[in-house]
There are 2 protein chains.
Amino acid sequence: METDARALDSAFMALADPVRRSIIARLSRGPATVNELAEPFEISKQAVSKHIQVLEQAELVTRTREAQRRPVHLNPARLEALTAWIDQYRLVREGQFRSLDAVLRPRAADGSE
Amino acid sequence: METDARALDSAFMALADPVRRSIIARLSRGPATVNELAEPFEISKQAVSKHIQVLEQAELVTRTREAQRRPVHLNPARLEALTAWIDQYRLVREGQFRSLDAVLRPRAADGSE
DNA sequence: AGGTTAAACAACCGAAAGGTTGATAAATGA
DNA sequence: TCATTTATCAACCTTTCGGTTGTTTAACCT
């Protein structure tokens, strides 16, 4: 399954921040509201809200509605897409040879993703 | 076992760019010089050189010296560190439905997986 | 030595990231 | 109805990113 380049851009970028990774870690234990997610951090709730928007645009999390709250849920499928991308190079490298790569990735030679 | 936060910052950030991911893809087929890496792109060689510096600081690649050339090599160990980070949350999530979700949403129906 | 090739260094620019404060919207509940 | 809770929207500011062009450094080859 070929993941779109923009999707990878936004997902990797979203994970390139300790606050957002911490939010992911928290959500792996179950959904949480913005207030709950903001609590451990020194920064403002608005800042955390922005971080959640970044994660949402990257489709790493989704949100539902419940009264005034908007619980945030982890989307493990996106995380899998990232490991899938990484693994294709991590694993290919094991064999170290171009021929193996040709077998695994019968594609153009210019490093398309 | 906990990878340093700064290392994750720089590594995920480095992968959040299509040019740099393409360079990783190319290097998975073996080392290459800056000129070779720059060739497929429209941007200047200096720009590619900067991209390589970003990858190098993230320790996703290393460089050796060979006459005037400075071949760039992939560092698969860093890629593994990233999948290791992702996997700890991707896998934990499998069994998670209770906790806050059950408390906050007695009539849950999200079907996001 | 002089010329060529490979690549980094440096200064600069526009756009985007990450933060702030203040105002607003939406649903709840007294 | 009206205050409260929850969270977003809107400006704004500063720093970083990704790109440019121009200038050096470093090693090679006659």
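# A tour from the DNA to the core

Start at DNA strand D: the residues of the surface near this strand comprise seven nonpolar, nine polar and five charged. The model is predicted, so treat each stop as a reading of computed coordinates.

**Stop 1: DNA strand D.** Select the protein residues around the strand. There are 21 of them, and those that come nearest are Thr33(A), Asn35(A), Ser49(A), Ser44(B) and Ala47(B). Now colour by secondary structure. Helix H3 (34-38) and helix H4 (45-57) of chain A, along with helix H4 (45-57) of chain B, each contribute at least two residues to the surface near strand D. Which helix gives the most to this surface? H4(B) does, with five residues.

**Stop 2: DNA strand C.** Move to the other strand. Here 19 residues surround the DNA, the closest being Ser44(A), Ala47(A), Thr33(B), Asn35(B) and Ser49(B). At least two residues each come from H4 of chain A and from helix H3 (34-38) and H4 of chain B. H4(A) has the largest share of the surface near strand C, four residues. By type, the surface near strand C holds seven nonpolar, nine polar and three charged residues.

**Stop 3: helix H4 of chain B.** Select H4(B), already met at strand D. This helix has 13 residues and reaches 18 Å from its first C-alpha to its last, close to the 18 Å expected at 1.5 Å a residue. Show the side chains of Val48(B), His51(B), Ile52(B) and Leu55(B), which are buried. Why do these four sit on the same side of H4(B)? They cover an arc of only 100° around the axis, which puts them on that one side. The spacing fits a general rule: an α-helix has 3.6 residues a turn, so residues three or four places apart point the same way.

To see what covers the buried residues of H4(B), add these elements of chain B to the selection:

- helix H1 (5-15), helix H2 (18-27) and H3, which are included in the cover;
- strand S1 (61-63) and strand S2 (72-74), also included.

Just after H4(B), click on Glu59(B), where phi is positive at about 60°.

**Stop 4: helix H1 of chain B.** H1(B) is one of the elements covering H4(B). In H1(B), Leu8(B), Ala11(B), Phe12(B), Ala14(B) and Leu15(B) are buried. Their arc around the axis is only 155°, which puts them on the same side of H1(B). Turn to the face of H1(B) away from that buried side to find the exposed residues Ala5(B) and Arg6(B). Then pick Ala11(B) and list its contacts beyond four places in sequence: Ala58(B), Leu60(B), Arg78(B) and Leu82(B).

**Stop 5: the largest nonpolar core.** Ala11(B) also belongs here. The core has 49 residues, and the ones with the most contacts inside it are Ala11(A), Leu60(A), Leu82(A), Ala11(B) and Leu60(B). Helix H5 (residues 76-95) of chain A provides the largest share of this core, six residues. In soluble globular proteins, nonpolar side chains tend to be buried together.

**Stop 6: chain A as a whole.** Hide chain B and the DNA. Chain A has six helices and two strands, in the order α-α-α-α-β-β-α-α from the N terminus. Of its 113 residues, 34% count as buried. Taking contacts in chain A between residues at least 6 apart in sequence, 49% join residues at least 24 apart.

**Stop 7: Ala14(A).** Select Ala14(A) in helix H1 (residues 5-15) of chain A. Is Ala14(A) buried or exposed? It counts as buried, because it has 26 C-beta neighbours inside 10 Å. Beyond four places in sequence, Ala14(A) touches Arg20(A), Val54(A), Leu55(A), Ala58(A) and Leu60(A). For a distance check, draw a line to Pro31(A): 17 residues along the chain from Ala14(A), with 18 Å between the C-alpha atoms.

**Stop 8: Arg21(A) and helix H2.** Finish on Arg21(A), in helix H2 (residues 18-27) of chain A. Arg21(A) has 20 C-beta neighbours inside 10 Å and therefore counts as buried. Bring chain B back, as Arg21(A) touches both Leu15(A) and Leu8(B), leaving aside residues up to four places away in sequence. The C-alpha atoms of Arg21(A) and His51(A) are 10.0 Å apart, with the two positions 30 residues apart in sequence numbering. Widen the selection to the buried residues of H2(A): Arg20(A), Arg21(A), Ile23(A), Ile24(A) and Leu27(A). Viewed down the axis of H2(A), these fall within an arc of 155°, so they line one face of the helix.

Note on methods: Residues are numbered from 1 along each chain as its sequence is written. Chains are lettered from A and ligands numbered from 1 in the order in which they are written. This is a predicted model: local features need pLDDT of at least 70, side-chain atom pairs count only at pLDDT 80 or more; totals for chains, interfaces and linings use all residues. A residue is buried if 20 or more other C-beta atoms lie within 10 Å of its own, exposed if 12 or fewer, and partly exposed in between; C-beta atoms are placed from the backbone. Two residues are in contact if their C-beta atoms, placed from the backbone, lie within 7 Å. A residue is near a molecule or strand if its C-beta atom, placed from the backbone, lies within 6 Å of it. Ala, Val, Leu, Ile, Met, Phe, Trp, Tyr, Cys and Pro count as nonpolar, Asp, Glu, Lys and Arg as charged, and the others, Gly among them, as polar. The arc is that of the directions from the helix axis to the C-beta atoms. A nonpolar core is a set of buried Ala, Val, Leu, Ile, Met, Phe, Trp, Tyr and Cys residues joined through C-beta atoms within 7 Å. The expected span of a helix is 1.5 Å times one less than its number of residues.
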